[in-house]
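Trainee: Could you take me through the cysteines in this one? I'd like a close look at that part, and then a bit of its setting in the chain.

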Amino acid sequence: MPVPDRSDRDHFYSPKDARDVIERENLSHNDLIGYIPDAKTDTAEKKLQKEAAKLDKPNRSTFNATKVRAVATCDSCGAKRAVYSKNAVGQKGGPTKRQLEN
């Protein structure tokens, strides 16, 4: 569904509201796919990615979203935790898939 203001992080529909809009507008799966922005051609999406990269730059040595390898959920409180690694699996300096299996 179209997003009127991409900078507004509260623009998402609740699941119930989304179902209501889909049923009311009689949207198909292909219609919904058309609303997903294409990062390669959508200039607004490219701009948002560049802004996010600028915000990541000062923290590059500590955390970078591209270094997230898994997401774990705490058994006690249910909070989500990011598991990240400096090196990607299978890349130079990173662990191999076989090492992770052991």
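Mentor: Here's the cysteine story, followed by the chain around it. Keep in mind that this is a predicted model. Let's start with the tally: the chain has 0 disulfides. Cys74 is in no disulfide, and the nearest cysteine sulfur to its own belongs to Cys77, 3.6 Å away. Turn that around and you get the matching picture: Cys77 is in no disulfide either, with the sulfur of Cys74 as its nearest cysteine sulfur at 3.6 Å. Why doesn't the pair count? A disulfide here needs the two sulfur atoms within 2.5 Å, and the sulfurs of Cys74 and Cys77 are 3.6 Å apart, so the pair does not meet that cut-off. For the chemistry behind the word, a disulfide is a covalent bond between the sulfur atoms of two cysteines.

Now for how open these two residues are. Cys74 is partly exposed, at a relative accessible area of 26%. Cys77 counts as exposed, with 54% relative accessibility.

On to the setting. The chain holds 4 helices and 2 strands, and reading from the N terminus the order is α-α-α-β-β-α. Of the 102 residues in the chain, 9% are buried. The accessible surface adds up to about 9000 Å², and carbon and sulfur atoms own 52% of that. As for contacts along the chain, take those with a separation of 6 or more: 14% of them are between residues 24 or more positions apart.

How values were computed: Residues numbered from 1 in each chain as written. Predicted model: local features only at pLDDT ≥ 70, side-chain atom pairs only at ≥ 80, totals over all residues. Heavy atoms only, no water. Buried < 20%, exposed > 50% of the residue type's maximum accessible area, 1.4 Å probe, protein only. Contact = heavy atoms within 4.5 Å. Areas by Shrake-Rupley, 256 points an atom, 1.4 Å probe, with all protein chains shown as cover.
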